[in-house]
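Trainee: Mind walking me through this one? I'd like to go residue by residue and see how you reason.

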Amino acid sequence: MIKNYLKIAWRNIIHSKVYSALNILGLAAGMAVALLIGLWVNYQYSYDKFLPDNGRLYQVMRNFNSNGDTLTFTSTSLKLADALRNNIPEFEYVVETDGQGAHGLMVGTKKFYLYGIQAGGDFLKMFRYPFISGNANAALRDPFSIVLTESMAKALFGSTDVINKIVRVDNHDNLKVTGVIKDLPANSTFQFKYVIPFSYYEATQNYVKMSRTGSFGNNDYAIYAKLKPGVSFAAVSAKINNIEKGETNNLNAVNSNVILHPLLKWHLFNDFKNGKASSGFIDYVRIFTLIGALVLLIACINFINLSTARSEKRAREVGVRKAIGSQRKDLIFQFLVESGLITFIAFLFSILFVQLALPAFNSLTGTLISIPFLNPVFWIIMMTCVLFTALLAGSRPAFYLSSFNPVKVLKGTLQTAKSASLSRKILVVTQFSCSIALIISTVIIYRQIQYAKNRPIGYQINRLMATEVNSDLSHNYDALRNDLLQSGAVTSVSTSSSPATTVWAHTDLDKFPGKRPGETVEMGSITVSDDYFKTLGMQMQSGRDFTPGSKADTNNVVFNEAAIKRLRLTDPVNQIITWSGQQFRIIGVVKNALMDSPYKDADPTMFTFSANSANFNLIYQLAPNVNTHVAVEKLTQIFNKYNPAYPYDYRFVDLQYNQKFSEELLVGKLAGVFAGLAIFISCLGLFGLAAFVAEQRTKEIGIRKVLGATVGQVWMLLSKDFVLLVMISCVIASPIAFYFLQKWLQKYDYHVSIGPGVFIISAAMAIVITLLTISSQAIKAALANPVKSLKAE
């Protein structure tokens, strides 16, 4: 019986080629979108799950009470690491790191300047990356050792058989290779090319050694911890929460609560509000999951509409089958088998579409997604989805067609129910409402990105360049600076402890005029050298800049406007503040600059002065009249002169700043692509319905033409009903889109307002697309010879 049903289904597909093609193409497109989004969502959820014991790994963080506002920081102190390691037996490992910084690695003539991680001796026991050679127990035991990734080992030595070979780091020390691990997968939060023991930095950097015996307030490091098996997360969280509060003479410690952030939430739940990781990239994952479901629903609506619209073509078949004894359940099963066959064919096409689209999609999203053809779980999920889609798309036509009265059908008195026409209209309105909501969302996301991009940022990022300072550049800084300025390629040079596009360090002031009892003030802290504000193009609001080369200015400080507002100072210049037990005089106030999020107000920031080059970041402004390529060639020669061991490494600050929009740009591009596909699928259904209506009204159109109707009047007759449905869709979609987009915009302090223009533009686009879709069928019907249509009738 099933074989017979499949034969009939295949004959119907062949017999109605156009409608079958529309059904299959629409379903295939919808299923392809759903599959593509499903693979992307699965990829996002897969982050760090490849690590063994991933459910027991955490990052140690701080919730800081800033006068009632809870601020969450990843920066912690070495004293906290020791306290957790020595006093909390529930931890199997506690590891401190100095972040993921770039260092120069050299073997013979091979030189690289790449990012690695500086981590405690138990790091590779905690994060169990697979070893190719060496082992986690001994790899980081020697301070002068290094563990390489597989690709790094091959780049330096040409093979992975490199145990006990020597790598020179920063042209300063020789480190022995004690291990090689496999390259980190793309869905790893950590991305590094090598691991250097934290003990190396304690042995070679005095400030790191001093931090070990410092206070809980020296928050310059990151800490990670692993719970012992069977230990309760809740119990340990309660135990460590107040561990810093014993340092009563330190307001930073007294107002800090220590928390644990699970590894499996690092990627998706990275936005902290009121001390809890309640949102982050997970918001976008949920949004696109919903979009995938909506696009698939739109494709199913096409199938339902086209199947029920052509019901009269199948009416006699239903009547004959019922007359010879077929039960309604047999007919329902037959039509569901047909739906299943069409859905399965569409699924095969969707696999092809996704396979063809994946290279472009991976390039757009920066992922390495592939279809897991060899994974049986994937095929089980896919077959379940195919079955669900077949039932969703085929149930309405199956129950509708099987309900026909055989007597009326065979006598030719069957009239299509008004309810069927009404249901088709409701479904058209539903799918276009979804599509129009996606169009509105795409427009708003684009406007929000442009709104933030066009916002004045308070400093000049065009032609501004940056280079990380290593030991050779630091020792030769004065000569390097002079050569850069004399080259004619650079107009200004400075250094700072943070990049131009972010603030690495935050601190709180001990005392300031008007400070209230128990009040804490957390703000950014940047140490700068000569000509910092000049190099960045930042303007003084009052007072003066630091004097180049002035040792006296090391006891002075400059605040930005946001910091002065936070401190409630009305006449700040020459006021005295106390920070880290030392008094500083305020000599100036600089105008606000957006060094962190372009969607928020400028953070309160304090600038201190260092006359030497000990800062980490070299910042320099290119001359306006020099070609960028020519300038880089000159700069390469100068940097190679003073840093011959490693290649010249530079970054353009404007490109770094634009990276702040990467998440929103990705969301905007994906929303635009999927909105376009949703409209395309909706238009496929609209095209089929327009063709059906034109065919159904052939006689009416012929009579109207005989009576003098013009092509335009016939076109209007066939188009107005569809345009009306799309206009209703616009009315429904607009408030729904407004509600959700308004909620999305609230996460940004600096955001665009939603005016009526976006809804008018989206509605106009939808109506134009609708008219373009149905016009071909409407004009074709209007131009048909009425004699032929009436003769046929």
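Trainee: Is Ser-762 buried or exposed?

Mentor: Bear in mind that this is a predicted model. Ser-762 is found in helix H25, residues 756-783. Buried means under 20% relative accessible area. Ser-762 comes out at 0%, so it counts as buried.

Trainee: Which backbone oxygen does the side chain of Ser-762 reach?

Mentor: Leaving out residues up to four places away in sequence, Ser-762 touches Ile-439, Ile-440 and Val-443. For the oxygen, look at a 2.8 Å distance from the Ser-762 side chain. The partner there is the backbone oxygen of Val-758.

Trainee: Which helix gives the most to the largest nonpolar core?

Mentor: That core has 118 residues, and Trp-40, Tyr-459, Tyr-532, Leu-536, Met-538, Met-595 and Phe-607 touch the most other members. The top contribution is 16 residues, from the stretch 17-45. That stretch is helix H2.

Trainee: How many residues are in the other core that lies apart from it?

Mentor: Ile-117, Met-126, Tyr-129 and Leu-263 are among its members. The count for this other core is 23 residues.

Trainee: What is phi of Asn-164 near?

Mentor: Asn-164 sits in the loop between helix H5 (150-157) and strand E9 (166-169). Its phi is positive, in a residue other than glycine, and lies near 75 degrees.

Trainee: And Asn-274, buried or exposed?

Mentor: Asn-274 is in the loop between strand E14 (271-273) and strand E15 (276-279). Its phi is positive too, near 55 degrees. The cut-off for exposed is over 50%. With a relative accessible area of 67%, Asn-274 is therefore exposed.

Notes
Residues numbered from 1 in each chain as written. Predicted model: local features only at pLDDT ≥ 70, side-chain atom pairs only at ≥ 80, totals over all residues. Heavy atoms only, no water. Core = buried A, V, L, I, M, F, W, Y, C linked by side-chain atoms within 4.5 Å. Buried < 20%, exposed > 50% of the residue type's maximum accessible area, 1.4 Å probe, protein only. Helix = DSSP H or I, 4+ residues; strand = E, 2+ residues; numbered from the N terminus. Polar contact = N/O pair within 3.5 Å; in protein donor to acceptor, adjacent residues only side chain to side chain. Contact = heavy atoms within 4.5 Å.
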